[in-house]
Amino acid sequence: MPDIVSSRRLSRRGLLAAAGAAGLTALLAGCGKDGGDAPTSAGPIGGPWSFTDDRSEKVDAAARPSRIVAFTGVAAALVDFGLDKQIVGVFGETKKADGSKEPQAGDLNVEQVEILGNAWGEFNLEKYAGLRPDLLVTHMYDPGALWYVPDESKAKILPLAPSVAITTARVPMTKPIERYAELAGSLGADLNAKKVTDAKARFTAAADAVRQAVKANPGIKVMAASGSPDLFYVSNPKVSTDLMYFAELGVDIVVPTKLEQGDYFEALSWENTAKFPADLILLDNRPTALQPKDLAAKPTWAQLPAVKANQVTPWDAVPRFSYAGAAPLLENLATAIRGARKVTA
């Protein structure tokens, strides 16, 4: 699920607006073409390369891209599938204030990549050009909208390198995982490597664990939510890709009824947080959302049956779309469902 503030912007903007690209030639000329050795890919680079993304746009190149810039969660997913030195830059929440990695960075070596921006709206164009990127990769929650690529600088960013966008909404979570695996394979990753096959086996076992937990503890109503100072957001399993997959596994997830534009969630005032009864709450654990210690001061939060029963579990609202990234989410969900008790009528 997109960031609450960000998703409002995405749903309003539709297709990202184009603007002039003046000054790009000078910027590129200033950066030059010899700023360091290109990283070695996971296989031979020779020969043409192509990939058709989820905008139905085909990217063609004379050789396999070896200098990739991606949204942090995308970069981490590609690393999970076997890429490494090909990732030269990232954008999106990567490091916490104390310098440690954000969870979505996964096994990405954040000390060996250029961080172009560490928050929504941040994307350093000059640093991006200096990386001499071969490819830009990011999520696509709404048609044509490139996740964390700022509207105001999109027309200057996109001409610098081809881009690939993968759909991450309105399809079950397995779909973007498969698409990122396909992209990684085309970029030289060995999808038959033990690390990758072990992760897929773990994912499959975790999915079965969720099915079995639902069967063993039937009737548990689950709500995925995010808190802000003024509003309580209930997420829609018919749009959020992970929730859609959870529902396919048998999880009974609250479906909000009065959706905001874009259909990602229903926004409730704090006085109305009890609108949807739930036995278990999946709570957005991103730094942009209020956490349980922050929510303790909200009287209506404290009165929710799931909260009173201590049946609140962290939720990665923007998951890492790889088998390695998603398996722990399923394992944690299975554990939470098995341990929950019915606290609503």
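Let's start with the largest pocket. Its volume is about 450 Å³. Keep in mind that this is a predicted model.

What lines the largest pocket? There are 26 lining residues. Nearest the centre lie Pro 103, Gln 104, Asn 285, Arg 286 and Asp 316. Sort the lining by character, and you get eleven nonpolar, six polar and nine charged residues.

Now, where does that lining come from? Two helices each give at least two residues: α9, at 292–295, and α12, at 323–339. The largest share belongs to α12, with three residues. Both domains take part as well. Domain 1 (49–190) and domain 2 (197–339) each contribute at least three residues to the lining.

On to the second largest pocket. This one holds about 170 Å³ of space. Its lining includes Val 79, Asp 84, Lys 85, Ile 87 and Val 88. Further along the chain, Asp 107, Leu 108, Asn 109, Gln 112, Val 113 and Glu 114 join in, and so does Leu 131. By character, the lining of the second largest pocket splits into six nonpolar, two polar and four charged residues.

Next topic: aromatic rings. A pair of rings is described by how far apart the centres are and by the angle of the planes. How many aromatic pairs does a search of the whole structure find? It finds 16.

Take Phe 71 and Tyr 148. Their ring centres are 5.1 Å apart and their planes meet at 45°, so this pair is tilted. Phe 71 sits in strand β3, residues 68–71, while Tyr 148 sits in the loop between β6 (135–140) and α5 (154–157), so the pair ties together parts 77 residues apart in sequence. Are these two buried or exposed? Phe 71 has 2% relative accessibility, so it counts as buried. Tyr 148, at 5%, counts as buried too.

A second pair is Phe 232 with Trp 270. Here the centres are 5.3 Å apart and the planes stand at 45°, so this pair is tilted. Phe 232 belongs to strand β9, residues 231–235, and Trp 270 to the loop between β11 (265–269) and β12 (280–284), so the pair links parts 38 residues apart in sequence. Both Phe 232 and Trp 270 are buried.

Last item: an aromatic cluster. Phe 71 and Tyr 148 come back here, as members of one cluster. With them are Phe 91, Trp 120, Phe 123, Tyr 128, Tyr 141, Trp 147 and Tyr 264.

Technical notes
Residues are numbered from 1 along each chain as its sequence is written. This is a predicted model: local features need pLDDT of at least 70, side-chain atom pairs count only at pLDDT 80 or more; totals for chains, interfaces and linings use all residues. Side-chain values use heavy atoms; hydrogens and water are left out. On a 1 Å grid over the protein atoms alone, a cavity is a set of points where a 1.4 Å probe fits but cannot get out, and a pocket is an open set with protein on both sides within 12 Å along at least five of seven lines; lining residues have an atom within 4 Å of a point. Grid points are joined across faces, edges and corners, and a volume is the space filled by probe spheres set on the points. Helices (H or I, at least four residues) and strands (E, at least two) are DSSP runs, numbered from the N terminus. Ala, Val, Leu, Ile, Met, Phe, Trp, Tyr, Cys and Pro count as nonpolar, Asp, Glu, Lys and Arg as charged, and the others, Gly among them, as polar. Domain bounds come from an automatic or database domain assignment. Rings of Phe, Tyr and Trp (its six-membered ring) pair if their centres lie within 6.5 Å; planes under 30 degrees apart count as stacked, over 60 as edge-to-face and the rest as tilted. Buried means under 20% relative accessible area, exposed over 50%, partly exposed in between (1.4 Å probe, protein chains only).
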